[in-house]
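This report sets out the general features of one protein and then turns to two points of backbone geometry. The sequence and the structure are shown first.

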Amino acid sequence: MTLGSPVGVVDLITPANCPYQLYNQEVVWNGKWIQTRQVGFRAQNGQEGVWQSVHRNTKPHGAAADGVSIIARVRKAGKVLIILVKQFRIPTGKVCLELPAGLIDHGETSQQAAIRELKEETGYTSAKVVNESKLCFLDPGLTDDSQVMVVVDVDGDAPENINPVQNLDATESIEVLLVEQSELMTYIENLDSSIVVESSLLAYAMGVKFASLV
């Protein structure tokens, strides 16, 4: 299997507000899903360095972001439950607790991608988008991988959500959980040490907890 190949020097545009002089941007390796780059930079004091980074190859032209993360609020029996997923993440070597998420397909809006990914990963159907965030970056010191956070409501008593069925890719293995929103941080704090937490989920859980503090 051919995983990727070196490419070479590529065009570089330095933003007007960049405090560095950038030069010699190079694609070091190009794969099916990502590419790695490095670029030389010179600070205003004359010191030089090399910055190495990772970039997705999959963002459709005109898409708002590379992907979406979904805060899905299930309203059922007077409670608000958050849909979470667990899956083994090979880069971390651990099971990761996450919000449902996925890449935006060609021709999709962020909201359309969120509804589709929620259905595929968890089986739950949402007919109501509550909010869509601004563009945000997941680890800007390492990558330009970007996402939009989409908040949706799910009617947990609707017939299609009584026994939801996932529609996973052949290589996916995802466990679906429902956690009461008010108990979200407590649930995370009590996780086994073999399970790590994705940063968007942790930030949301901290926000819910601290919003209730006086």
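## Overall architecture

The protein contains three helices and 14 strands. The model is a predicted one. Along the principal axes, the C-alpha atoms occupy a box of roughly 60 × 50 × 35 Å.

Among contacts with a separation of 6 or more, 53% join residues that lie 24 or more positions apart.

## Burial, surface and charge

The protein has 214 residues, of which 36% count as buried. The exposed area comes to about 12800 Å², and carbon and sulfur atoms supply 53% of that area.

The protein carries 17 positive and 26 negative charges. The mean positions of these two sets of charges are 3 Å apart.

## Positive phi at N24

N24 belongs to strand β3, which spans residues 21–31. Although N24 is a residue other than glycine, its phi is positive, near 55 degrees.

Is N24 buried or exposed? With a relative accessible area of 58%, N24 is exposed, because the cut-off for that class is over 50%.

## Positive phi at A77

A77 lies in the loop that runs between β6 (67–76) and β7 (79–89). A77 is not a glycine, yet it has a positive phi of about 50 degrees.

The relative accessibility of A77 is 71%, so this residue counts as exposed, the cut-off being over 50%.

Notes:
Residues are numbered from 1 along each chain as its sequence is written. This is a predicted model: local features need pLDDT of at least 70, side-chain atom pairs count only at pLDDT 80 or more; totals for chains, interfaces and linings use all residues. Side-chain values use heavy atoms; hydrogens and water are left out. Helices (H or I, at least four residues) and strands (E, at least two) are DSSP runs, numbered from the N terminus. Buried means under 20% relative accessible area, exposed over 50%, partly exposed in between (1.4 Å probe, protein chains only). Contact means heavy atoms within 4.5 Å. Accessible areas come from the Shrake-Rupley method with a 1.4 Å probe; for residues, only the protein chains shown count as cover. Lys and Arg count as positive and Asp and Glu as negative; His and the chain ends are not counted. The place of a charge is taken as NZ of Lys, CZ of Arg, CG of Asp or CD of Glu.
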